[in-house]
Amino acid sequence: MKALLFLLEKEFRQVFRNPAILRILFILPVIQLLLLPLAADYEVKNVKICVVDYDRSPASQRLVHKITSTAYFKLVDFTDSYAKALQYVEYDKADLILQIPAAFEKNLVRENTSTLFIAINAVNGVKANLGGAYLRSVIQDFNQELQTELIQLPRQNLHPVISIASSNWYNPLMSYRLFMVPGIQVLLITIVGAFLSAINIVNEKETGTLEQINVTPIRKYQFVLGKLIPFWVLGLVVLTIGLFISWLIYDIVPVGSLVTIYVFSALYLIAVLGLGLLVSTFASTQQQSMLISLFLMMIFILLGGLFTSIESMPPWAQAFTRFNPISYFIDVMRMVVLKGSTLYDIRDHLFKILLFGLALNSLAIWNYRKRS
Amino acid sequence: MKVISVRNLTKRFGSFTAVDNITFDIEQGEIFGFLGANGAGKTTAMRMLCGLSRPTSGEASVAGYDLYKNANRIKENIGYMSQKFSLYEDLTIRENIRFYGGIYGLSLSDIRSKTNLLVKKLKLEDSINSLVKSLPLGWKQKLALSVAMIHDPKIVFLDEPTGGVDPITRREFWTLIFEAADRGTTVFVTTHYMDEAEYCNRVAIMVDGQVEALDTTGVLKAKYAAKDMGEVFLQLARKAKRGDG
Amino acid sequence: MRQFLFFVKKEFYHLVRDRQTFFILLCLPLALILIFGFALTNEVKNSRIAVLDNSKDKATRAIIDQLEASRYFDILEYIPSNDKLEATFRSGKIKLAVVFPPNFNQELLHTNTATIQLIGDASDPNTSNALINYATAVIMDYQAGFRNAAEIPLRINTEIRMLYNPQLKGSYNFVPGVMAMVLMLVCAIMTSISIAREKEIGTMEVILVSPIVPMRLVFAKMVPYFLMSVVNIGSILLLSVYVLDVPIQGNLVLLILECMMFTIASLALGLLISSISNSQQVAMLLSVVVLFLPTAMLSGFMFPVENMPAVLRFISHAVPARWFYTTVINIMIKGLGFEYVWKETLILAVMTVFFLAVSILNFKTRLE
């Protein structure tokens, strides 16, 4: 026990003497929390549209006016050649082409129906889909306007109409930042827990001080605890900095209790520290440990549901997600920060992360023994 | 009294036998030199005795404890220093001494008095609060040796401790070793330098994983009709089949 | 020249002997392509929803059946009363709740109007939005059954054509981005760390006193990573064509040449970083912050650049991956020729020369 205290004293001294680590600890949360939510904005807006109007009728002009007056669309050009419009798309100057055929208005009046053509740059499928949907809904609105103007519809509904009242709970303003920021906190804690701890242990291997420790009567578990406890504390410090920054800049205050967040983070850190320890037993140089950690973190983060929803992943990816501690934490952070979930609500997550902590740490210690 | 006793100790890495069936005893207070070309197996043998590496077969007891059963008791009673070891560079001299004293279970007042004694002896009083990084190599090595003996171990293992050190510092380093031996500490040292071999009470020469010769320097020189240990070593090492390194 | 080849050989040994690193560097592109190609979709499907049916009549039953039949929804549970709603959301089990008022069918038939409430969990705003839209569409479908479409006068139809990617696959967008990320990782980050490592353990000094020209040594370090990148480019392209069904529409030779140029640009960046860092940790930190994050975030493949604030948009011009990404999209996906990418190519070329020049100058002054 006394030996452990001396180990801890040494670790803390080294951490506070290492400007690189301190810089990571304080700059990383700031950069990540400032940049990522700003950059990671999936909202579709400013769709660049190019209109090819072969009709040049009052109706077509009214439609174009209606489209450009919405916030979604930005008119790039109003031309009379599809080939020219296509060039805009090729040069990435336009995302959408709306082609109004000749005799659009005439057909509408005479034959009661008329067709518009839309061509969408679909390289980015999501954007194309949403942009197309917006444009269609604008056209539909326009259609209804025409109908009510030109035809006297009876006052009362002729047919049953179901009206839909939709509400967006927990995030009524539909802010994408509210969605991203809690997830980024997870990223920060994971980097400190898995990444820095692995590099730190391997650093002692590389410089040879680990061998010196091995000939002292210090037990393996004491050494491991001496390494893990400081990073456990640092992880919680980074969490605190992160929560502070998200309050300061984004005005995000967790709806749920801070106790819930800290309890889960504390358990989560034990699990990822085990992961870092495991990585350090495989790597003999810092370059290796960095590469292994980066590789694992990339896969875990991408499949962890930070950017895309886990439910839409294929079964094999969803199965993998069950073994991905990051996905549990992202889930929990969003639940507690946005919805105010309590410890009772997240009991399943708590239990699973506890299992992770046990499994990863036992695996790491087992591998540690095997290799010495 | 025997402090180290080794019987048929063997270490294999796959099909390669690094240490091949070695047997010897070391008496308390001896300075025991371990000589051999690069790759002869001396570092592997030493690492086994320190509990850093598990033997494939054979028996050994160090400081009265069995290598297999009481590895941790052994660790309390030995000190170890390798050429690679150079303390924690980002801690100060005082902090390094405190750390190693602490993990060997010294009391705080013991640590304090040892620290004062140690820096005075090494004439490091002025730089006690500077980082080890800033010390010249020779000073680091002397400090490392002193720190390795901070808990007054029964045996101290030194793995090529004077590599890359200038002759004057080497002399000072050996003065520290003699002082330790006078206090009753057993010194087990591997070296490349033949003049250092002359300082040892007894010398073992390893060739291809086996102890080829073991005796006092005087007896060895007489036996091989050599004028110094260098010649003895060359005669034995010539038989080696393994390449250098 | 023989000397140079000798050093290249040495670097190869370093790379190949380090099994783990070698393995990761070759597997990374495969893993990323598979993850991006198959796992990461923004498409919403099989979302778990809950139904609170206060009416339990013919109409609500019919709508619920239609919701269940849709591939977007999985009805997880039926909630008995309003006060359980909040708890179900908080447990994180559902993303959307559909609430029918009491006497739904009766009201619909007598007053010709009734209201369904859709509650989305907007802690994930995009998913919530999409789900509400899909549910609305399902309900509208049901409602359309009441009337005959032909009765509506003045109908405007729309015909939509999806250019370049008719199936709206996410991989069309991701493949070029993954390529940029992998090349950046293999070339820039690995070279910068490996040079910093030689500085740190002191072998750099040994080599500097040997008769080899220092810059040759540095170039020798780049050769294995360059070749490895060529292998990676090949495997990424093969995977995307044969596994992800992303065809190469444009000129293959032009595409490969552009990739090689980006590889050289990345190597130059790695060199630049190693010339200003003296330890592995600093090199790592710089690589991740200066190279990796901007490549992932600002190149436009994960997040649309045009949505970013002006400052970030401005910074993104300095990120080589951004130009590379546009080039690859234009050649590979859109099938355009060199006349469409000469500008991007030129910018990348100028960047490469600039990085190389600065790092060589920097190296010379540092080494003296």
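Helices and strands here are DSSP runs, numbered from the N terminus, with a helix holding at least four residues and a strand at least two. Angles between them run from 0 to 180 degrees between N-to-C directions. With that in hand, let's walk through this predicted model.

A good place to start is helix 3 of chain C, residues 58-69, which lies across strand 1, strand 2 and strand 3 of chain C. Relative to strand 2 of chain C, helix 3 runs at about 130°. Further along chain C, helix 5 (residues 104-111) also packs on the sheet. Helix 5 touches strand 3 and strand 4 (113-121) of chain C, together with strand 5 of chain A. Its direction makes about 135° with that of strand 4 of chain C.

What about the sheet itself? Strands in a sheet pair through backbone hydrogen bonds, in either a parallel or an antiparallel sense. This sheet is open and has five strands, in the order 5(A)-4(C)-3(C)-1(C)-2(C), with mixed pairing. Strand 5 (161-169) of chain A and strand 2 (73-78) of chain C stand at the edges; each has a single partner strand, so one side of each is left without a neighbour in the sheet. From one strand to the next, the twist averages 25°. Within chain C, strand 1 (residues 47-53) and strand 3 (residues 96-100) run parallel and are joined by five bridges. If you would like to find this pairing on screen, look for C:Ala50, which stands opposite C:Ala97 in strand 3 of chain C.

Chains A and C also pair through another set of strands. Strand 4 (residues 113-121) of chain A pairs with strand 5 (residues 155-163) of chain C in the parallel sense, over nine bridges. There, A:Thr115 stands opposite C:Asn157 in strand 5 of chain C.

How many residues does each chain bring to the contact between C and A? Chain C gives 90 residues and chain A gives 90 residues. On the side of chain C that touches chain A, 45 of the residues are nonpolar, 30 polar and 15 charged.

Finally, turn to chain B, which has nine helices and 10 strands. Its C-alpha atoms fill a box of roughly 50 × 40 × 35 Å along the principal axes. A compact globule of 245 residues would have a radius of gyration near 18 Å, and chain B agrees with this because its own value is 18 Å. Buried residues make up 44% of the 245 residues in chain B. Among the contacts in chain B with a separation of 6 or more, 69% come from residues 24 or more positions apart.

How values were computed. Residues numbered from 1 in each chain as written. Chains lettered and ligands numbered in written order. Predicted model: local features only at pLDDT ≥ 70, side-chain atom pairs only at ≥ 80, totals over all residues. Contact = placed C-beta atoms within 7 Å. Nonpolar A, V, L, I, M, F, W, Y, C, P; charged D, E, K, R; others polar. Pairing = 2+ DSSP bridges. Rg over C-alpha atoms; globule rule 2.2 N^0.38 Å. Buried ≥ 20, exposed ≤ 12 C-beta atoms within 10 Å, placed from the backbone.
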